[in-house]
Amino acid sequence: MNSTIKKLLTYIKKYKIQILFSLAISAMSVWLSLYIPIIVASAIDYIVGKNQVDFTTVSGLILQIVQIAIVVAILQWMTNIINNKITFLVARDLRNDALKKLEKVPLKYIDINQHGDIVSRVISDVDQIVDGLLMGFTQIFTGVLTILITLFFMFSINYKIAIIVIILTPLSLFIAKFISKRTYHLFEKQSEIRGEETAFLNEMVVNQKTVIAYGEEKNNIDKFIKINNRLEEVGIKASFF
């Protein structure tokens with residue numbers, strides 16, 4: 001597992017400038033997003049009661065909130081574009097290396113492995129790995145930054161509430177560990193069944209005339225439904241956890 005991640009990181013390191021830029025934009029987006037509630041709190045202070053509202057000040061604060069929200073939306077849009085670009089480039093590099101590897105492997109490897117499974121690994125599995133790794137990386141950074149900035153604002157407003165949050169935070173770590181243990185094996189099984197399904201579909205499409213000649217359409221449909229039902233069951237469990 002660790003060796004696989006290290007290999008993937010070597011591909012991502014090529015685009016470290018884009019990643020740093022993405023992280024910097026994410027940091028700005030998080031800071032501004034968390035600053036909006038502070039402005040809302042200030043606006044509420046100017047709403048004392050009926051006929052006791054400082055409309056001039058409140059209007060200015062509302063305008064400020066709208067401006068920040070627009071900036072946050074633009075920053076998040078830029079982050080998504082950069083992340084998608086990095087994902088595409090890393091996936092391209094992985095696929096190019098995979099194809100070069102396939103050109104050098106012995107024919108025995110091609111013969112003993114289902115062609116559809118190999119295609120699935122090069123196409124869909126690469127997409128999932130790269131998306132998961134990059135999105136997970138940026139989400140971890142954004143999540144940690146969100147916690148730190150939130151704690152900073154909380155301590156500046158009410159240190160007692162901040163202390164309660166710090167005490168309860170380890171509980172979320174235990175929950176995350178519980179979830180990750182179960183999802184890992186489920187997503188691994190999901191990938192295996194998807195490869196089996198791709199291999200079956202590839203075989204049926206390539207040998208369509210043979211299937212029709214022997215009247216195996218109904219049997220093959222039943223086989224596909226069974227494979228798909230297993231994929232659905234594992235996929236639902238993985239997504240649920």
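This briefing describes the core, the surface patches, the salt bridges and two residue pairs of one structure. The model is predicted, and the values below were computed from it. Helix H3, which spans residues 55–104, recurs in several of the topics: H3 gives seven residues to the largest nonpolar core, the largest share of that core, and three residues to a positive surface patch, again the largest share. Five salt bridges are found in a search of the whole structure, and the pairs described below include two in helix H8.

**Nonpolar core**

- The largest nonpolar core has 16 residues, and those touching the most other members are Tyr15, Ile19, Ile86, Val90, Leu94, Val126 and Val130.
- Two or more residues of this core come from each of helix H1 (2–12), helix H2 (16–45), H3 and helix H5 (115–157).
- Within this core the largest share belongs to H3, which supplies seven residues.

**Surface patches**

- Lys7, Lys100, Lys101 and Lys104 together form a positive patch on the surface, and three residues of that patch, its largest share, are contributed by helix H3.
- Lys104, one of the patch residues, is located in helix H3 and has a relative accessibility of 72%, so it counts as exposed, the cut-off for that class being over 50%.
- A nonpolar patch of about 580 Å² also lies on the surface, and it is made by Ile62, Val66, Ile70, Ile74, Trp77 and Ile81.
- Trp77, a member of the nonpolar patch, is likewise placed in helix H3, and its relative accessibility of 56% puts it in the exposed class because that value is over 50%.

**Salt bridges around Arg92 and Asp93**

- Arg92 and Asp93 are joined by a salt bridge between their side chains, with an N to O distance of 3.3 Å.
- The two partners differ in their exposure class: Asp93 has a relative accessible area of 10% and is therefore buried, the limit being under 20%, whereas Arg92, at 37%, is partly exposed.
- Lys14 is linked with Arg92 and Asp93 in a network of salt bridges.

**Salt bridges in helix H8**

- Lys218 and Asp222 form a salt bridge through their side chains, at 3.4 Å from N to O.
- Both of these residues belong to helix H8 (residues 217–240), where they are four residues apart, or about one turn of the helix.
- Lys218 is exposed, with a relative accessible area of 60%, while its partner Asp222 is partly exposed at 30%.
- Glu233 and Lys237 make another salt bridge, in which the closest N and O atoms are 3.6 Å apart.
- About one helical turn separates Glu233 from Lys237, because the two are four residues apart in helix H8.
- Glu233 has a relative accessibility of 46% and so counts as partly exposed, and Lys237 is also partly exposed, with a value of 42%.

**Sequence separation and distance in space**

- Leu9 and Leu133 are 124 residues apart in sequence, and their C-alpha atoms are 9.1 Å apart in space.
- Leu9 has its place in helix H1, and with a relative accessible area of 37% it is partly exposed, since this class lies between the buried limit of under 20% and the exposed limit of over 50%.
- Ala176 and Lys209 are 33 residues apart along the chain, and 50 Å separates their C-alpha atoms.
- Ala176 is part of helix H6, which covers residues 159–206, and its relative accessible area of 42% makes it partly exposed.

Terms used:
Residues are numbered from 1 along each chain as its sequence is written. This is a predicted model: local features need pLDDT of at least 70, side-chain atom pairs count only at pLDDT 80 or more; totals for chains, interfaces and linings use all residues. Side-chain values use heavy atoms; hydrogens and water are left out. Patches are made of residues with over 30% relative accessible area and no salt bridge: like charges are joined within 9 Å, nonpolar side chains (Val, Leu, Ile, Met, Phe, Trp, Tyr) within 5 Å. Accessible areas come from the Shrake-Rupley method with a 1.4 Å probe; for residues, only the protein chains shown count as cover. A salt bridge is a side-chain nitrogen of Lys or Arg within 4 Å of a carboxyl oxygen of Asp or Glu. Lys and Arg count as positive and Asp and Glu as negative; His and the chain ends are not counted. The place of a charge is taken as NZ of Lys, CZ of Arg, CG of Asp or CD of Glu. Buried means under 20% relative accessible area, exposed over 50%, partly exposed in between (1.4 Å probe, protein chains only). A nonpolar core is a set of buried Ala, Val, Leu, Ile, Met, Phe, Trp, Tyr and Cys residues joined through side-chain atoms within 4.5 Å.
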